[in-house]
Amino acid sequence: MAKQRFPMGAMGGNANNMIRQAQKMQQEMLKAQEEIEQCEFEATAGGGAVTAKMNGKKELTDISIKPEACDPDDIEMLQDLILTVVNDVIKKVDEANSAKMSKLTGGLNIPGLF
């Protein structure tokens, strides 16, 4: 039985297309990441008593604490509110990043990508 051979041009063309597609996807992903980094995310806790803002780089840009959240006899509650609001805003950044990248990869989960 004879083996079927492919001309080098046919295989090379397919590989070149795959490389171009991968490069295009990489450029789109970098653009999407830059867009997310420019976004601002916000979360609140305690009915708005504590608010945190974060950019897409996961840098905390603002934290606001209303006076009624500052009970000197209950510092633990304020600490819990701050932890909650910071963790919530980080989660929002992660979810936005995952959603944006998922659109680019067609829902394909590529480990280490995002």
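Start on the outside: L60, I63 and I65 make up a nonpolar patch on the surface, and together they offer about 230 Å² of accessible area. Keep in mind that this is a predicted model. From that patch we can move inward to the nonpolar core and the helix that feeds it, then finish with the cysteines.

**The surface patch**
- L60, one of the patch residues, sits in strand β3, which covers residues 60-65.
- L60 counts as partly exposed because its relative accessible area is 44%, and partly exposed means between 20% and 50%.

**The core**
- In soluble globular proteins, nonpolar side chains tend to be buried together.
- Here, the largest nonpolar core holds 15 residues.
- F41, V50, A69, V85 and V89 have the most contacts inside that core.
- Two or more residues each come from β1 (40-45), β2 (50-55) and α2.
- The top contributor is α2, which gives six residues.

**Helix α2**
- This helix runs over residues 75-105, 31 residues in total.
- At 1.5 Å a residue it should span 45 Å, and its end C-alpha atoms are indeed 45 Å apart, so the two figures agree.
- Its buried residues are L78, L81, V85, V86, V89, V93, M101 and T105.
- V85 and V89 turn up in both places: they are buried residues of α2 and rank among the core residues with the most contacts.
- Right after α2 comes G106, with a positive phi near 65°.

**The cysteines**
- Looking through the whole structure turns up zero disulfides.
- C39 is partly exposed, at 36% relative accessibility.
- C70 is partly exposed too, at 43%.

How values were computed: Residues are numbered from 1 along each chain as its sequence is written. This is a predicted model: local features need pLDDT of at least 70, side-chain atom pairs count only at pLDDT 80 or more; totals for chains, interfaces and linings use all residues. Side-chain values use heavy atoms; hydrogens and water are left out. A disulfide is a pair of cysteine sulfur atoms within 2.5 Å. Buried means under 20% relative accessible area, exposed over 50%, partly exposed in between (1.4 Å probe, protein chains only). Patches are made of residues with over 30% relative accessible area and no salt bridge: like charges are joined within 9 Å, nonpolar side chains (Val, Leu, Ile, Met, Phe, Trp, Tyr) within 5 Å. Accessible areas come from the Shrake-Rupley method with a 1.4 Å probe; for residues, only the protein chains shown count as cover. A salt bridge is a side-chain nitrogen of Lys or Arg within 4 Å of a carboxyl oxygen of Asp or Glu. Helices (H or I, at least four residues) and strands (E, at least two) are DSSP runs, numbered from the N terminus. The expected span of a helix is 1.5 Å times one less than its number of residues. A nonpolar core is a set of buried Ala, Val, Leu, Ile, Met, Phe, Trp, Tyr and Cys residues joined through side-chain atoms within 4.5 Å.
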